[in-house]
Amino acid sequence: MKSKDMAIIGVSIILAAIISIFVSKLIFGRSASSQQVDLVPAISANWPQPDSRFFNSSSVDLTQFISIGNNSNPNPFGTGNSNGQ
């Protein structure tokens, strides 16, 4: 490209930016009305105790550790397992 072409491209970019700023202010101008928002009540740190029918000392603990079988291999999927392979 010649320097004359670059100058024309630069001027057209600047003109397009200026025109777009003015057009956007006409379309998206400030509105005179203000919006109202609902206030959310604050969350309290005081929680009620859970129902004792479901949360008690004799309930089933689903997070307890379950061991299936008697496998003492610390690396069952690694190389060098105990069956000679």
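In this predicted model, D51 and R53 are joined by a salt bridge, and their closest N and O atoms are 2.6 Å apart. Side chains of opposite charge can pair when their charged atoms come close. The separation in this pair falls inside the limit used here, because a salt bridge requires a side-chain nitrogen of Lys or Arg within 4 Å of a carboxyl oxygen of Asp or Glu. By this rule, the count for the model comes to one salt bridge. As for the surroundings of the two partners, D51 is partly exposed, its relative accessible area being 32%, whereas R53 is exposed, with a value of 63%.

Turning to the overall fold, the protein has one helix and zero strands. That helix, α1, covers residues 3-27 and includes I19. S20 is also found in α1. A look at these two positions is a helpful way into the helix. I19 has a relative accessible area of 53% and is therefore classed as exposed. S20, at 41%, is partly exposed, since the partly exposed class lies between the buried limit of 20% and the exposed limit of 50%. The side chain of S20 also has a polar atom 2.8 Å from the backbone oxygen of A17.

I19 takes part in a further feature, a nonpolar patch on the surface. The other members of this patch are V11, L15, V23, L26, I27 and F28, and together with I19 they present about 780 Å² of accessible area. Membership of such a patch calls for over 30% relative accessible area, so the 53% of I19 satisfies that condition.

Finally, the protein as a whole can be described by its surface. Its accessible surface comes to about 9,200 Å², and carbon and sulfur atoms account for 62% of this. Of the 85 residues, 1% count as buried, a class that requires a relative accessible area under 20%. None of the residues described individually above belongs to that class: I19 is exposed, S20 is partly exposed, D51 is partly exposed and R53 is exposed.

Conventions: Residues numbered from 1 in each chain as written. Predicted model: local features only at pLDDT ≥ 70, side-chain atom pairs only at ≥ 80, totals over all residues. Heavy atoms only, no water. Helix = DSSP H or I, 4+ residues; strand = E, 2+ residues; numbered from the N terminus. Buried < 20%, exposed > 50% of the residue type's maximum accessible area, 1.4 Å probe, protein only. Areas by Shrake-Rupley, 256 points an atom, 1.4 Å probe, with all protein chains shown as cover. Patch = residues over 30% accessible without salt bridge, like charges linked within 9 Å, V, L, I, M, F, W, Y side chains within 5 Å. Polar contact = N/O pair within 3.5 Å; in protein donor to acceptor, adjacent residues only side chain to side chain.
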